[in-house]
Amino acid sequence: MSKVIKIDINSKQGLLDFLEHLLSNNEISGVMSLRKINENGICDYGLITEVDDLKSIEPFAPVMPVNASHILSSITPAKKPIIAIIKPCELRGFVERVKRKQGSMKNIITVSYTCGGVLPLNTFQSDDNEKIVSEYFETIKGTDTPENVRPVCKACEHFIPMTADITISVFGNKDFNSKSCLMMNTEQAIKLSKSYKCEIVEKKMDDKLMDEILKKRKAGKEKLYKEIAITKDGLDEFVDIFGKCIGCHGCSRVCPICYCTLCDFESSNYDYKVDLIENELSQKDGLRLPPDTIFFQLGRLNHMSFSCIGCGQCEDVCPAGIPVSSIFKKVGESTAELFDYIPGKDVEEIIPVMMIKEQEFPEVGE
Amino acid sequence: MANNGAKISFKNGLQNQMRDFLKECMKKGIFDAVVLPVRVPANDSYAWILMNDISIVDQANPIPPVMPVQGAKALKSLTRKGDGILKIATIMKPCEIRATIELAKLSQVNLENITLISYDCPGAIPMSIYNNLSDDMEIFYNDVVSENNFVSEKMKEVCGFCVDFSDVPDDLHFGFTGLENEVYIIPNTGKGNSVLEKLEMKSSENLSQWKKNVADIKKIKSKNRIDIYKQVQPTVDGLDNLQKTYEKCIGCHNCQSACPICYCRQCFFDSTASEQSANTLIDIAEKRGGIGFPRDKIMFQVGRMSHMSLSCVSCGQCMDACPVNIPVAKIFSFVSSKTQNTFEYRAGFSGDEPIPLKVYKDDELSKIHEIVKNAESDGSEHE
Amino acid sequence: MKKKIGVYVCECGPNIASKMHIDKILESVKSHNSEDVEIVPIKHKLLCSVQGKKFLEEDIKKQELTHLVVAACSPREHNTTFMNICKKSDLNPYLYKMINIREQVAWVIPDKEKATEKAIQYINGGISRVQYQGELFENKIDAIPDVLVIGGGISGIESALSLANEKRKVVLIEKTDKLGGNSVFYKKLLPRQGAEKDFIAKKIAEVTNNKNIKIHLETELEEILGFLGNFEVTLRNVNNKDNKIEIKIGATIVATGFQLSNPTSFKNVKYKESDEVYTSLEIEKMFSEKGKILLSSGSEPKTVALVHCVGKDEKKYCSQICCNYMMKIANYFKEQSKEIKVKEFYKDLCLPNKDDEKLFRDTEKNGVDFVRIKDIDIQGNEIKYTGINGKNEKTKFDMIVVAPPIEPKAGTKNLSQIIDIPLDEFGFFQEVHQTTNPTGTATDGVFIVGTAQGPKGISNSMLMSQAVSGKIKTQLIPGEKIIPEVKTSEILEAYCMGCKTCLEVCCFGAIYFDEIKGISRVNEALCRGCGNCIASCPSEAIRHKHFTSEQLFQEVIEILK
Amino acid sequence: MEKEFTPRITSFVCKWCTYTGADLAGIGRLQYPTSIIAMRVLCSSRIDPVFILKSYLKGADGILIGGCHPGDCHYETGNYYTRRRFMILKSIFDSLGLKSDRLRLSWISASEGGKFARVANEFTEKIKKIGPSDTKRNMFL
């Protein structure tokens, strides 16, 4: 049970009203949210500090131009309270970044919502934006995930925010367009809302409904994993998947987990003297140039897979159309499972590579 | 450019002819290895493969319908740390050769043991189109090559206005514009000459007809180019327009990493030097009422232009890699035509011509004196 | 500059020569010759001999080698030998690489052809790698030879005494108001320890009078910072915590000792204070003070039970000393009066020292009964036990003496946090390795001696103290500088993102966080060069000197050829 | 008949335990195949999984990591990290259908010369059974 603010206007307006109140009373210094930047519906993330500018926000827009955790990293530690309205996977991404000291939860009040999925950038930014988006919202009033969202979204089981201070019910909320419910999950949120005059009730999330969505998502996951399943041992299938990689490393740059200034795989460690390459050629019929194109994928998996939150950003920016995110999500689940780790679940949890347990994997090494 | 070349007639298609040519060279020990595009096992793309086995050459396609990785990048990965023992030849599209030459000037490629071969280029199909329809596109592109079609509309937009589809300072050039079932092998350098000599091929054929054919296509492309630049110009005119053009930019910097010229290990615009602290960002937001993310979209784009536009070869890779379909390549082509004109420089046209930013001349850029003078007099008026 | 790499293959007498074709090896390494590299392949009968060393030293100079590869025995045997030769020949010793073609080739591969092939591969790896090795310089730093000893028990006293001299001062701190620790209460030491109570008293007098030892009683450690040769230490008075002393020392010995566990904390021991049940230490105290062991009523006990192994099952370790001292106590009774009936109950007898067996036989001869038991219950003055034959018995005694396990001194946990040395599962200080390095700790320059490390008798404690003194004497020679580990990690500022992963995985506290720049940095003095941090860093922002990824990779590639 | 397949195995072993164990195998004149060439590092935790990957993709048929037994690490806890990292990599291999059998982690102490020889023999046999790594012939890697 948590305290819930009820407002009898649609969810977006309700949230807006709440934010306007907080901003104009200096309870917070800014709001970070998706906002519309032109009449075609294109959105970017904005940090808004003026009450008048709040009107442009599109807090629930089903698009992810950037994984917001990147932005939160750049504006934290914040000296004054900021409300960040982000998607559940972005929040989990941020939690993972905070664990790696790439951001701070200090003064960040997170607002998130049950998420119906994100449309690929190209779908969202099309000329039919308005129509596509309204269809999207119509669909997610029920428990079905829209067909045109990112493939990983259809397979996402973590559509309920894990650590948000305030949760809003969007996916599966049939009253989305008539009522607003802001669930205050933490002391910080309750304290913040004290000055806001409103009806407060005790309420719980509709577990049955959420279970129904979860069931469908699980089925979606099964389907996705079947599509990308590797059926035979050996390199061939793996090369089939990643063979078209052009080595642009766009996936790693947009990844909320990849936080390095310079990716190891772009460092001079991977520049070879020509005689080394020629020597390798002497043992093989042919050699791909640039070398290590596919190695990068395995290497990146090794560095971050256990923290992969499956946001799908990598897949969206891949110019070669590789199902990066689907693969990474699947592999990530297997590596995280080794340590009973759920990325983004708890900011206090230590990432698996930073700690050890003496009594684990007893069979390994023998 | 040479005035004479060797002429070969062929029956089984140009690509086969080119493969045979390479195989012959390898058999004779003229080249130890070649770098060629090979279709990947899943058939949905091409990869550059360095091969020394003649039988593998048959798997390669010297004129591939797409350009997933700019060839200059492949050569860079091979020879950035110097030349090797093997004599290596490569067949690449003209823009790839030009980028290679630019990179050589920046010490990113070592051409000592490399023989560059190019051809009259019919263009490349955008990756996103090829990816899903690769088999159809193969057939289509084969027809384009065999029909000698240099103005197909299915190609990347930059290809449509590429006036340099044939002009390229390669060692050897396969010229076939306007010819039917025959091709000129044109030696443009000493290296190219010696290859033909070793093959005992005489380059005695006069090229004037072919050159005229090329010039005809060039005319069409030139016109396209003027039209495109006219289109582009207003979209980047002034800060507001620039902002509007780039508003979709998500800051992924794919354009930069796909660019053959951007050779930096760490882009300046990704480095800590370009980072702003959280407090600074919040202060800016408070002053302006709000800020958008990612930050510095224009800074990155214009900054990148300032860094590399002099060497831009308009290969279009940036546009292919852009996940939000910003016409980056058209803009870069437009801007670099201006910057390169300023120094009467053409990127990748001559290995001997130094990159303008590496040298200076005493008596150049007379215009700037006027600009400085005008600025000064403006200043004095205000005083 | 052209690299000139000497490849010296040692025949090691017949050890290597008879197992492979050395000339073939010498011929094949020439394949590395190129425009930039010249290989000088040379074989020698026995490079580690006096002549061999002289030859190598002179040849490095004569040939003007820039790099050196020695293919011989295991580096465990002669790495240092050849490094020293490099130094003598003005070749940076980090431009040399040793290849083990004896233990790991000649001796494991009987087929001569195959052995040759493997040796070539192995040496090729070395040649490739050595070209990527860089010069490293041993950075000499000043070192303070003085030592801090924590704990004024017998281990601490012995450590202080064996270290202190004109050139090396010792600071000895003790939490209580007197020196001597537990042993000060012993009436007698065990027979083999020879001396009587005087032994302890004499040691205390010696340490008190030694002008090179400064003793602080009622003093504890507040803070310790630094590394081997350079520790900054703050001490404070136990009663007045503001009363602080700051000192600089080069090494620290932890000798905090033990205490006996409270016997009533074990489930099979139940008695009240009024009951005639004593711990061994209480008996020692009583005997020392009164000269006699009496019941609380003042009369002499007629029947005495000595119970070993109390709480051993719960503690899960053997205290090692109880059997010995219980026999000593049994003899106290017998000396006091032959009439006293003494029975010793034990589960296992622990008689590890060479004259323990004699003690046992003498005690038996003295009329002491030994009863081996499976289980025992002490309820007041009554003992219920199950004999080895499975029979249950019940007997009352006038006096019962129990030997509870020894356990780490109270405050050990607290100290472990201050000094940053982990404790083992039993709460004793964790040594580096029980077998190979029982006195070392995670921090170079901090040692553990005596029962602070684990249960042991006085003789073993003395042994440890003297051993550690020896170690310190060789590591910190007055007037000489020390050379910290050269093969350390270094963090490349530009690449570090400050995620602190390396900081978490480092066991030696050698990485700290630079708050201003928001990046991690290495304290090279503390770094032991294991390389764990390097593998933990996804950005490759850490470089392992002498084990760089590039160097290792060169070797891999060559071996994969 | 085809030439006998001699696997190429890269082995990284820690200086304190496994390397010493390997020496002991030699001192005891135990035999093991030429495929194992032990590369000495100070601690098994130095072995970045990326290194294992690199070896694999550059044509190693097998990769052997040798370290001290858990709890015996000369650097206290290094090998526990080795174990975690190894597990992550193994899991990735398994999920992608790459043969994780080609990777092996073994705890071999300084006194276990016999174990070193046994592991070297066993692992080589196993790799022989699996056959040459397909990384060697795949030119699209």
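This is a short talk about a sheet, a helix, a lysine and a chain interface in one structure.

Okay, hi everyone. Before anything else, keep in mind that this is a predicted model.

Let's start with the sheet. Which strands make it up, and in what order? There are 9 of them in an open sheet, and reading across you get β9(A)-β3(B)-β2(B)-β4(B)-β5(B)-β6(B)-β7(B)-β1(B)-β8(B), with mixed pairing. At the edges you'll find β9 of chain A, residues 286-289, and β8 of chain B, residues 205-206. Each of those has a single partner strand, so one side of each has no neighbour in the sheet.

Now zoom in on one pair. Strand β2 of chain B, residues 33-39, runs parallel to β4 of chain B, residues 88-91, and 3 bridges join them. If you want a spot to click on, A33(B) sits opposite I88(B) in β4(B). There's also a helix packed on this sheet: α3 of chain B, residues 71-79. That helix touches β9 of chain A as well as β2, β3, β4 and β5 of chain B, and its direction makes about 175° with that of β5(B).

Next, over to chain A and helix α9, residues 235-242. Why can we call α9(A) largely enclosed by the rest of the structure? Because 6 of its 8 residues are buried. Those are L235(A), E237(A), F238(A), V239(A), I241(A) and F242(A). And what do they pack against? The partners are α12 and α14 of chain A, plus α2 of chain D.

Here's a single residue to look at: K118(C), in helix α6 of chain C, residues 112-130. Buried or exposed? It's buried, with a relative accessible area of 1%, and the cut-off for buried is under 20%. Setting aside neighbours within four places in sequence, K118(C) contacts Q104(C), V105(C) and I109(C), and from chain D it meets Y32(D), P33(D), T34(D), I36(D) and I37(D).

Last stop, where chain C meets chain A. Here 20 residues of chain C are in contact with 19 of chain A. About 1800 Å² is buried between the two chains, and carbon and sulfur atoms give 58% of that. On the chain C side, M497(C), C499(C) and P538(C) supply 31% of the area that chain C buries against chain A, more than any other three residues. How many salt bridges are there between these chains? The count is 0, while 3 residue pairs are in polar contact across the interface. As for elements, α15 and α17 of chain C each give two or more residues to that side, and α17(C) has the largest share, with 5 residues.

That's my tour, thanks!

Definitions and conventions
Residues are numbered from 1 along each chain as its sequence is written. Chains are lettered from A and ligands numbered from 1 in the order in which they are written. This is a predicted model: local features need pLDDT of at least 70, side-chain atom pairs count only at pLDDT 80 or more; totals for chains, interfaces and linings use all residues. Side-chain values use heavy atoms; hydrogens and water are left out. Two strands pair if DSSP finds at least two bridges between them. Helices (H or I, at least four residues) and strands (E, at least two) are DSSP runs, numbered from the N terminus. Contact means heavy atoms within 4.5 Å. Axes are lines fitted to C-alpha atoms, for helices over the stretch in contact, and angles run from 0 to 180 degrees between N-to-C directions. Buried means under 20% relative accessible area, exposed over 50%, partly exposed in between (1.4 Å probe, protein chains only). Buried area is the accessible area (1.4 Å probe) that two parts lose on being put together, summed over both. A salt bridge is a side-chain nitrogen of Lys or Arg within 4 Å of a carboxyl oxygen of Asp or Glu. A polar contact is a pair of N or O atoms within 3.5 Å; within protein, one must be able to donate a hydrogen and the other to accept it, and residues adjacent in sequence count only if both atoms are side-chain atoms.
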